[in-house]
Structures are given as C-alpha cells and as structure tokens.
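Reader: I'd like to go through this one and ask how each label was earned. Can you give me the reasoning, value by value?

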Amino acid sequence: MLAVGLSGTIVGSKTKTAVEQTLTVLREKYPDIETTLLDLGEYDVQFSDGRNYLDYEGDTGVVTKTIMDADILVIGTPIFQASIPGTLKNIFDLLPQNAFQGKVVGIIATAGSPRHYLVPEQQLKPILTYLKARIVQSYVFAEEQDFFRKQIVNDDVKFRIERLAEDAVLLAKTCHHLEETQV
C-alpha cells in the first residue's frame, strides 16, 4: 500500500510540517505502508492545459503519476484569502475526473485564523468528491499558534494527525477487503 503526502503549496512551512508528521505516524504505526512526500515547493509543475496526465513529462509527470499510484493520499493545504491555493487547484485540474476512485483521502488544513475552519469542508471536499475520493470525514485544522520553529507544538493537533492517519489506513484496508470479497 502506498501513502502519498501532498503539501499543496509552494510557500511556507506549516503545511509541509503537518503532512510530514502524518507520514511519520504512518511509517511508525504501519511499517508495511510505503510513504512518499510530494512538496509542491520542490517541483516545477506546469499549468494544466487539458492533456491526459500521462502526457506530461518532467516534474508534472512525476507528481501526477505519484498521486495516481497512491492508495492513500494526505492532502495538506494552507488557506490563503479564504481559499485553497492555486497550486493545489492546478494539481486537481491536471488529473482525470475519476482520479481518486478507490483512493482514501485525508485532509490537513493550515491557516492563520480560526475563521477559515470551513474552507476544507466547503471547497476541498466537493472537489475531492467530484474526483471520486473516499474522504476521511474528520480533517485536521491547525493554526499559526500550533507551530513553533517548524514543529507542531499543540498536542491536540498531534493527536488529530495521529487519528487522521489511523482512520485513513482503517478506511483503506476496509475498502480493499470489501472489494476483494465482492470479486
């Protein structure tokens, strides 16, 4: 099973820190699960132009193919101007309509204000549903005050990240088992 953590921004460190923490939990609790981090700040991703994701080369091809190979996807997004960043939206635009069919997707959102708590619910979940994701219903929301020197300092956020990882694995294994028994 492959779990991919996607840090959906090219700036800042909080989102990447939270996604890395989730992947660490997955590696420690589930050593049989392979983990990969995609930090969009480290890739030169082209804008979507309508081509099939397999037709993109370079960093764009690496990112899209890695996402498509994932069984579990942990999407980290900062909230900018009460919305997800364009870099993350571009990733969704690069993928086919059923890109997340059969995949379990967990969400981590970071923001500077508690006022942005519902952005994942109102903007990200509908996109993921359209792409046919099996969404872990409880997402992690972390604020500026939960971080210090690129570390998560809020124990509640750490607990919620651990729970997100556990729920993602449980959902993925359950769905995989159900699919096997239906064949």
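Author: Happy to, with the reminder that this is a predicted model. Let's start with Asp-93, which has 39% relative accessibility and counts as partly exposed.

Reader: What makes Asp-93 partly exposed at 39%?

Author: Buried would need a value under 20% and exposed one over 50%. The 39% of Asp-93 falls in between, so partly exposed is the label. Lys-89 gets the label by the same reasoning, because its 35% also lies in that range.

Reader: And how do you know that Lys-89 and Asp-93 form a salt bridge?

Author: Their closest N and O atoms are 2.5 Å apart, and the cut-off is 4 Å, so the pair passes. Both residues belong to helix α3 (residues 86-94), four residues apart, or about one turn of the helix.

Reader: Why are Asp-167 and Arg-163 about one helical turn apart?

Author: Because they are four residues apart in helix α5 (residues 155-182). Their closest N and O atoms are 3.1 Å apart, and the two form a salt bridge. At 23% for Asp-167 and 44% for Arg-163, each counts as partly exposed.

Reader: How many salt bridges does the rule give?

Author: The count comes to 12. Some share partners: Lys-16, Asp-39 and Glu-42 are joined into one network that way. Asp-49 and Arg-51 also meet in a salt bridge, at 3.1 Å from N to O.

Reader: What does the charged end of Arg-51 sit over?

Author: The ring of Tyr-56, at 4.1 Å from its centre. The distance limit is 6 Å, so 4.1 Å is within it. Arg-51 itself is partly exposed, with a relative accessible area of 34%. Over at Tyr-130, Lys-132 lies over the ring face, 5.9 Å from the ring centre.

Reader: On to the rings. How many aromatic pairs turn up in the whole structure?

Author: Three. In one of them, Phe-92 and Phe-100 sit 6.3 Å apart, centre to centre, with 85° between the planes.

Reader: Why is the Phe-92 and Phe-100 pair called edge-to-face?

Author: Two checks. The centres have to lie within 6.5 Å, and 6.3 Å does; the planes have to be over 60 degrees apart, and 85° is, so the pair is edge-to-face. Both rings belong to buried residues, because 5% for Phe-92 and 1% for Phe-100 fall under the 20% limit.

Reader: What makes Tyr-117 and Phe-141 an edge-to-face pair?

Author: Their ring centres are 5.3 Å apart and their planes are at 75°, so the pair passes on distance and on angle. This pair links distant parts of the chain: Tyr-117 is in the loop between β4 (104-111) and α4 (119-130), while Phe-141 is in strand β6 (residues 140-143), 24 residues away. Tyr-117 is partly exposed at 41%, whereas Phe-141 is buried at 7%. Ring pairs also bring in Tyr-139, which forms a cluster with Tyr-117 and Phe-141.

Reader: Which residues touch the most other members of the largest nonpolar core?

Author: Leu-6, Ile-67, Ile-75, Phe-92, Phe-100 and Leu-128, out of 34 residues in that core. Two or more residues come from each of β1 (2-7), α2, β3 (72-78), α3, β4 and α4. Leaving aside neighbours within four places in sequence, the contacts of Ile-75 include Leu-6, Phe-92, Val-105, Ile-107 and Leu-128. Another core, of 24 residues, lies apart from this one and has Leu-23, Val-136, Ala-142 and Ala-165 among its members.

Reader: What makes β4 mostly covered?

Author: Eight of its eight residues are buried. Val-104, Gly-106, Ile-108 and Thr-110 point one way, and Val-105, Ile-107, Ala-109 and Ala-111 point the other way. In a regular strand, side chains alternate between the two faces of the sheet. β4 runs parallel to β3, with seven bridges joining them, and Leu-73 has Val-105 as its bridge partner in β4.

Reader: Last one: why is Thr-60 called buried?

Author: Because its relative accessibility is 0%, under the 20% limit. Thr-60 is in helix α2 (residues 58-69), and beyond its neighbours up to four places away in sequence, Thr-60 touches Asp-44, Val-45, Gln-46 and Leu-94.

Note on methods
Residues numbered from 1 in each chain as written. Predicted model: local features only at pLDDT ≥ 70, side-chain atom pairs only at ≥ 80, totals over all residues. Heavy atoms only, no water. Phe/Tyr/Trp six-rings, centres within 6.5 Å; stacked < 30°, edge-to-face > 60°. Buried < 20%, exposed > 50% of the residue type's maximum accessible area, 1.4 Å probe, protein only. Lys NZ or Arg CZ within 6 Å of the ring centre and 35° of its normal. Contact = heavy atoms within 4.5 Å. Salt bridge = Lys/Arg side-chain N within 4 Å of Asp/Glu carboxyl O. Core = buried A, V, L, I, M, F, W, Y, C linked by side-chain atoms within 4.5 Å. Pairing = 2+ DSSP bridges.
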